[in-house]
Amino acid sequence: MLIDALRDDFVFGSKGVKFMPYTTYLVEKGASHSFVAEAKPPTVTMPRIKALMTGSLPGFIDVVRNLNSPALLEDNVITQAKAAGKRMIFYGDETWVKLFPQHFVEYDGTTSFFVSDYTEVDDNVTRHLDKVLKRGDWDVLILHYLGLDHIGHISGPSSPLIGHKLSEMDNILMKIHTSLLSEERENLSPNLLVLCGDHGMSETGSHGASSMEEVNTPLILISSAFERKPGDIRHPKHVQQTDLAATLAIGLGLPIPENSVGSLLFPSIEGRPVREQLRFLHLNAVQLSKLLQENVPSYKKEPGFEQFKMAERLHGNWIRLYLEESTSEVLFNLGTKVRRQYLDALRTLSLSLSRQVAQYDIYSMLVGTVMVLEVLTLLLLSIPQALSSKAELEVPLWSPVFSLLFYLMFLVLSALHVIVCTSAESSCYFCGLSWLMAGGVMVLISALLCAVVSALAKMFASGKLLSKNPAHPNSRWSELDVVILLGTMGHVLSLGASSFIEEEHQTWYFLVNTLCLALCHEIYRNCFLGNDCEPRRCSHGERGFVNTAPALQDRSIGHDELEPHRVSKSPTSLNTLRGWEKWMAMASPWVILTCCRLLRSLNQTGVQWAHRPDLGHWLTSSDHKAELSVLAALSLIMIFALVQRRCSLTSKVAMALGLLGVYCYRAAIGNVLFPWQRDSKDISKGLIEARFVHVFVLGILFTGTKDLLKSQVIAADFTIKTVGLWEIYSGLVLLAALLFRPHNLPVLVFSLLIQTIMTKFIWKPLRHDAAEITVMHYWFGQAFFYFQGNSNNIATVDISAGFVGLDTYVEVPAVFLTAFATFAGPVLWASHLVSFLSSETSSGSALSHACFCYALICSFPVSAYIILVTSLRYHLFIWSVFSPKLLYEGMHILITAAICVFFTAMDQTNTKS
Ligand SMILES: [Zn+2]
Ligand SMILES: [Zn+2]
């Protein structure tokens with residue numbers, strides 16, 4: 001009986017005493033052995049089921065596969081049991097059915113993704129119980145209860161619902177146990193009942209990381225074959241979760257799964273005769289030493305192996321004595337010695353194997369790192385070109401293809417590939433690729449290298465030519481550029497420390513606040529000192545990244561007339577604003593800072609202080625449903641007011657109906673209330689309402705795209721294009737409003753509010769250049785990623801967003817919706833950037849500048865991070881901290897690529913018009 005997210009203190013702590021009296025009785029006085037089993041991160045269901053059944057340590061990629069698990073091919077207890085002709089029945093989490101297809105003679109899987117439901121998932125399992133317990137036609141029954149985990153996700157471990165669920169589970173355990181006992185009276189052979197959890201739950205109620213609460217789970221073995229305990233014993237020993245596979249295999253008389261790193265839980269065989277005990281220990285030790293031989297070339301020198309050989313020799317002596325029937329005392333003493341020796345050997349072997357399992361494919365990692373480095377160098381080298389006012393980014397990829405250097409590089413790399421792949425012993429992903437693919441990668445690496453070399457040569461040549469020109473007097477940096485540059489560098493450096501990754505939101509909150517203060521400084525100087533100290537220059541180019549040839553700025557100034565829209569404005573900046581607007585401009589940084597402070601207290605995030613109470617918890621608790629409803633309704637009205645201004649009439653109507661639909665959807669699934677509703681009795685999945693909103697989202701996106709195409713094909717109509725872009729933007733806002741939990745709707749409101757304020761009072765009057773505006777958008781996008789309550793921890797991904805409007809799990813839309821809901825902050829800010837730049841500036845270069853800056857500012861930390869993780873792969877926190885962050889960054893790169901494609905498409909239409 002597996003109870004999802006059963007934490008150790010739910011059984012062994014005060015909650016257990018209160019809500020699970022029967023289990024507590026069994027633990028304290030019954031014929032049982034209890035342990036605290038430690039789960040290894042990632043503490044996600046699917047890898048944990050694998051660990052329980054195979055005894056091996058699954059890799060991190062299993063977190064991703066957790067969403068859609070393929071059949072388990074590795075040797076495991078279930079497959080062995082099936083091969084031995086055991087009849088198995090399974091009820092519960094569908095993952096098991098996917099992992100072990102055709103293994104069960106009877107099964108009923110429930111999908112684990114409707115996190116909002118915590119009664120039906122369990123009733124689905126329990127309803128079979130009465131029938132199946134009466135039947136005697138099975139050998140193994142597996143039950144996986146999901147309700148507790150779902151309660152954790154909805155309302156956390158201190159919710160009153162937990163107690164109800166625990167007593168429900170206790171009753172079920174009692175039912176199973178009494179039925180097994182009565183069956184034993186007829187059959188006379190003992191049964192084994194195992195109660196365990198797959199992982200715990202953190203103080204916020206989710207799981208995935210490696211805090212004590214998530215890692216420690218109870219493991220209770222109950223069988224009348226065990227001796228009854230004399231009295232009250234409650235200090236469960238800590239063991240590994242992987243130990244269960246070996247114990248179950250021995251208990252069922254099956255071979256131990258070959259990749260299992262666990263050691264037999266000795267108390268479970270303590271009651272057997274010494275001869276059997278030694279036999280079982282020997283089986284386990286042989287299996288572990290075999291695994292060691294396969295994985296470690298120098299296995300003979302391992303202390304565990306030596307201990308095992310020693311134990312085997314002693315065991316031989318013991319058998320000789322046993323057969324000679326020598327005095328029982330000598331035999332007993334030797335037996336105890338052999339047993340101790342075996343147990344030591346098992347412990348050492350198991351420990352060194354758990355360390356060995358993390359093997360790295362160095363060659364493939366090296367190839368990837370080299371490619372990332374080359375792309376990064378190329379990006380950095382093309383800064384001067386890309387940010388000049390001509391805004392051309394030419395990657396000289398074709399000319400080097402035919403150069404001599406390219407062919408030489410290609411030959412050398414291919415030779416290296418052949419040597420590495422023929423000499424490598426362990427399996428390597430890159431060597432496993434087909435020759436065509438590997439050849440393609442070689443071509444890419446050599447071509448990129450040649451491009452880098454030629455770009456370097458070009459820069460050198462032009463640098464020599466241009467250095468004669470005196471530096472332009474205006475080419476010094478503004479304070480804002482310094483803030484941006486230092487902030488970016490600081491953020492990249494901070495990624496080297498695990499705590500800075502766990503608490504990365506603090507870095508972004510700090511950077512955004514600093515940015516606001518820098519803007520404040522700029523506004524005030526502008527207001528009080530007027531034009532004399534006007535810091536802005538007309539060039540909009542390489543500042544912020546200026547270490548390039550200064551003469552380029554001369555050129556960009558020469559091209560400034562390309563921006564008629566900006567230049568035609570009065571040259572003075574804040575003086576264009578009327579009286580009250582000036583005051584508003586001066587107040588705006590403080591308004592933004594206030595918004596950020598409010599948002600910050602909405603969702604506590606990170607790892608260290610995530611359990612602290614925050615506004616989000618207060619709002620989502622069931623006592624404050626009315627407040628949450630008012631807040632959600634107000635937020636939706638605000639969203640409409642802020643977003644509708646620039647849309648066409650049809651989109652306005654669609655937007656209003658869509659937002660109404662969002663409220664109806666939340667009311668249908670029981671998050672919020674209508675004023676005429678007293679309490680939410682009938683909770684549905686809200687399919688109709690959600691699909692209603694989806695239709696409007698698609699409608700608005702379609703209208704927007706249509707306008708864009710019209711502006712491109714029919715006429716160079718600037719206004720139609722702008723409207724089209726804003727419509728696409730508002731379509732995305734509507735989708736985000738649908739997917740965000742109701743207490744998070746203020747995040748969306750504040751995001752729109754800050755964008756409006758910044759546009760009206762800061763970016764337009766102060767005339768920042770495209771590069772600066774891009775970086776500001778990127779920073780705010782990152783900060784909003786954390787304001788939403790996200791963190792660099794897998795546990796904060798809200799998978800329920802992937803099921804809005806879906807009946808069952810459909811992979812593509814579910815993954816898309818979850819990704820959009822998670823990265824809504826960065827995506828909305830990026831699309832605001834596109835709309836803003838194309839509506840405010842008519843020049844073509846602004847967008848391509850922005851695109852380049854966006855790609856650069858995203859890829860810089862990501863590539864730095866990839867290189868860093870490669871070098872830190874033996875770090876203690878590699879699985880719990882660095883890898884999840886890498887996963888997020890990988891997702892971020894994909895999204896950045898999509899955004900850049902969007903940018904480029906817009907740029908094309910811009911150039912045409
Ligand atoms: Zn689970
Ligand atoms: Zn869960």
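The following dialogue asks how some labels in this predicted model are earned.

Student: Why is the pair formed by Trp318 and Tyr322 called stacked?

Tutor: The ring centres of Trp318 and Tyr322 lie 5.0 Å apart, and their planes meet at 15°. Centres must lie within 6.5 Å to pair, and planes under 30 degrees apart count as stacked. Both tests are passed, so the pair is stacked. The structure holds 26 aromatic pairs.

Student: Where do Trp318 and Tyr322 sit in helix H15?

Tutor: They are four residues apart in H15, which covers residues 303–324. That separates them by about one helical turn. An α-helix has 3.6 residues a turn, so residues three or four places apart point the same way.

Student: What makes Trp318 buried or exposed?

Tutor: Its relative accessibility is 3%. Buried means under 20%, so Trp318 counts as buried. Tyr322 stands at 34%. The partly exposed class runs between 20% and 50%, so Tyr322 belongs there.

Student: How do you know which class the pair Phe785 and Phe823 belongs to?

Tutor: Their centres are 5.3 Å apart, with 25° between the planes. The limit for stacking is under 30 degrees, so this pair is stacked. Phe785 lies in helix H35 (residues 770–787). Phe823 lies in the loop between helix H36 (811–822) and helix H37 (824–840). The pair therefore ties together parts that are 38 residues apart in sequence.

Student: Are Phe785 and Phe823 buried or exposed, and what makes them so?

Tutor: Phe785 has a relative accessible area of 5%, and Phe823 has 4%. Both values are under 20%, so both residues are buried. Elsewhere, Tyr509, Phe780, Phe784, Phe787 and Trp829 form one aromatic cluster.

Student: How do you know where the charge of Arg646 sits?

Tutor: The charged end of Arg646 is 3.7 Å from the centre of the Trp726 ring. The distance limit is 6 Å, so that test is met. The charge sits over the ring.

Student: What makes helix H4 largely enclosed?

Tutor: Of its 10 residues, 10 are buried, so H4 (residues 45–54) is largely enclosed by the rest of the structure. The buried residues include Arg48 and Lys50. Gly55 follows H4, with a positive phi near 75°.

Student: Why is strand E2 called largely enclosed?

Tutor: Six of the seven residues of E2 (residues 32–38) are buried, so the rest of the structure largely encloses this strand. E2 pairs with strand E7 (residues 216–222) in the antiparallel sense, over seven bridges. E2 also runs parallel to strand E8 (residues 237–240), joined by four bridges. Two bridges are enough for a pairing, so both pairings qualify. Val36 has Pro218 as its bridge partner in E7, and Val36 stands opposite His238 in E8.

Student: What makes Phe692 fit into a nonpolar surface patch?

Tutor: Phe692 has a relative accessible area of 38%, so it is partly exposed. Patch residues need over 30%, so Phe692 clears that cut-off. Its partners in the patch are Leu649, Val653, Leu657 and Leu660. Together the patch has about 480 Å² of accessible area. Helix H31 (residues 649–668) gives the largest share, four residues. Phe692 is found in helix H32 (residues 687–713).

Student: Are Ala5 and Gln102 buried or exposed?

Tutor: Ala5 is at 0% relative accessibility, so it counts as buried. Gln102 is at 68%. Exposed means over 50%, so Gln102 is exposed. Ala5 has a positive phi of about 65° although it is not a glycine. Gln102, also not a glycine, has a positive phi near 60°.

Terms used
Residues numbered from 1 in each chain as written. Chains lettered and ligands numbered in written order. Predicted model: local features only at pLDDT ≥ 70, side-chain atom pairs only at ≥ 80, totals over all residues. Heavy atoms only, no water. Patch = residues over 30% accessible without salt bridge, like charges linked within 9 Å, V, L, I, M, F, W, Y side chains within 5 Å. Areas by Shrake-Rupley, 256 points an atom, 1.4 Å probe, with all protein chains shown as cover. Salt bridge = Lys/Arg side-chain N within 4 Å of Asp/Glu carboxyl O. Buried < 20%, exposed > 50% of the residue type's maximum accessible area, 1.4 Å probe, protein only. Phe/Tyr/Trp six-rings, centres within 6.5 Å; stacked < 30°, edge-to-face > 60°. Lys NZ or Arg CZ within 6 Å of the ring centre and 35° of its normal.
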